[in-house]
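User: I am new to this structure and would like a close look at one part, the place where the ligand sits. Please take me through the surroundings of the ligand, and then say what can be said about disulfides.

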Amino acid sequence: MTLKNQIIARIRQDGPISLADYMTDCLLHPTLGYYTTRDPFGVAGDFITAPEISQMFGELIGLSLAQCWLDQGSPARITLAEIGPGRGTLMLDMLRATHKIAGFHAAIDLVLIDASPKLRAVQAETLQSYAPRWCNSVTDLPDQPLFLVANEFFDALPIRQYQRAGPGWSERRVGSQDDRLIFGLTAPNNLDALAHRLDDTKDNDLVEISPTTAPITATIAQRIATHGGAALIVDYGDWRSLGDTLQAIRDHKPVDPLADPGLADLTAHVDFEPLANAARAAGCGHTKLTTQGVFLERLGITTRAQTLAKGLKDTELEALISAHRRLTHPQEMGNLFKTLGLYPPNASPPPGFGL
Ligand code: SAH
């Protein structure tokens with residue numbers, strides 16, 4: 001049975017489901033989920049991410065985290081972790097760029113967290129010489145300094161959507177009609193979790209909540225506040241979003257998110273405000289939200305590109321120039337993608353952020 005038919009059968013029996021339940025099934029269903037069944041990256045896949053565009057992305061992130069390790073007195077045993085590592089490319093570039101930093105690699109326990117068995121296998125191959133181990137959840141991260149990166153992880157977490165109705169909110173749920181999936185609205189309810197959005201919304205406005213973002217961030221931040229370390233979180237989104245940001249991508253093109261469950265990538269813009277609030281509540285400091293373009297420029301991407309350019313000509317040189325532009329230009333990924341750094345209250349912030 002297709003995933004679509006399974007979801008329709010479940011809705012017929014139990015009634016409409018939240019968008020979060022729908023996304024979880026689409027992305028992580030044990031046999032038919034999008035991430036469970038495929039390696040979606042690259043030209044032949046459905047989308048391309050920053051580390052797959054250029055090695056410079058991972059190199060600069062790796063150096064920023066290694067600088068934090070140096071600034072915090074080079075602790076002898078640390079966790080270097082990535083959540084949602086995809087093909088492992090980002091971590092590979094981070095490790096390659098930092099191998100000359102005396103003592104850094106010797107201090108690392110490399111931990112990867114990924115829900116996809118298929119991608120875990122790809123990561124095992126990419127990173128085999130670094131002996132990674134996998135945890136199922138951030139709660140399993142060891143109690144020691146934590147240096148963590150997450151790129152395009154939070155945008156894959158399930159969201160719920162609510163439409164404003166007077167002082168209350170109707171949830172936008174997934175139901176079925178004949179053999180199609182359709183959106184519908186529940187009767188309005190007052191919701192404490194959205195009390196702060198009554199000020200900046202009006203009737204019929206749509207807002208989103210990602211229920212797992214704050215607990216995941218709180219767990220990471222608690223490790224960092226207690227033991228030291230830093231986290232770099234990169235994703236598309238903003239401090240707070242308004243409106244429907246659910247997006248389905250198949251074959252590099254937007255498609256209807258309800259049309260083919262399990263066959264398209266589903267993501268939503270990341271709201272960084274709840275993420276920053278969860279980090280603060282867990283005792284961590286956080287940087288200003290900074291655009292990816294500015295962050296990478298501050299870390300020296302242009303100098304790095306110039307060095308790499310020296311050995312290249314023709315199409316390879318053009319590819320490098322286009323990758324630099326794609327990562328940093330305001331009309332490409334430069335402004336849409338944002339970075340937030342988490343760090344212990346008494347330590348310096350990770351390099352690459354303004355004060
Ligand atoms: N960081 C990589 C991949 C981003 S795609 C890159 O930049 O190229 C999202 C990744 O998060 C995939 O590896 C996917 O398997 C993983 N993922 C998605 N939802 C997850 C969840 N709930 N828990 C753990 N991993 C998840």
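Analyst: Asp114 places a polar side-chain atom 2.5 Å from an oxygen atom of the ligand. This comes from a predicted model, and the distances that follow are computed from it. Two other side chains make contacts of this kind. In Thr49, a side-chain N or O atom is 2.6 Å from a ligand oxygen, and for Asn151 the corresponding distance, again from a side-chain N or O atom to an oxygen of the ligand, is 2.7 Å. On its own the ligand has 570 Å² of accessible area, and the protein covers 93% of this.

The ligand takes up the space of the largest pocket. Around the ligand there are 18 residues, and those that come nearest are Thr49, Gly84, Gly86, Asp114 and Asn151. By type, the shell around the ligand consists of 10 nonpolar, 5 polar and 3 charged residues.

As for the disulfides, such a link is a covalent bond between the sulfur atoms of two cysteines. The count for this model is 0 disulfides. Cys284 shows why a bond is missing in its case: the closest cysteine sulfur belongs to Cys68 and is 11 Å from the sulfur of Cys284, which is too far for a bond, because a disulfide needs the two sulfur atoms within 2.5 Å. Cys284 is also buried, with a relative accessible area of 4%. Cys26 has a relative accessible area of 1%, so Cys26 counts as buried, the limit being under 20%.

Methods:
Residues numbered from 1 in each chain as written. Predicted model: local features only at pLDDT ≥ 70, side-chain atom pairs only at ≥ 80, totals over all residues. Heavy atoms only, no water. Near = heavy atom within 4 Å. Polar contact = N/O pair within 3.5 Å; in protein donor to acceptor, adjacent residues only side chain to side chain. Areas by Shrake-Rupley, 256 points an atom, 1.4 Å probe, with all protein chains shown as cover. 1 Å grid on protein atoms, 1.4 Å probe; cavity = no way out; pocket = protein on both sides within 12 Å on 5 of 7 lines; lining within 4 Å. Sits in = over half its atoms within 2 Å of the grid points. Nonpolar A, V, L, I, M, F, W, Y, C, P; charged D, E, K, R; others polar. Buried < 20%, exposed > 50% of the residue type's maximum accessible area, 1.4 Å probe, protein only.
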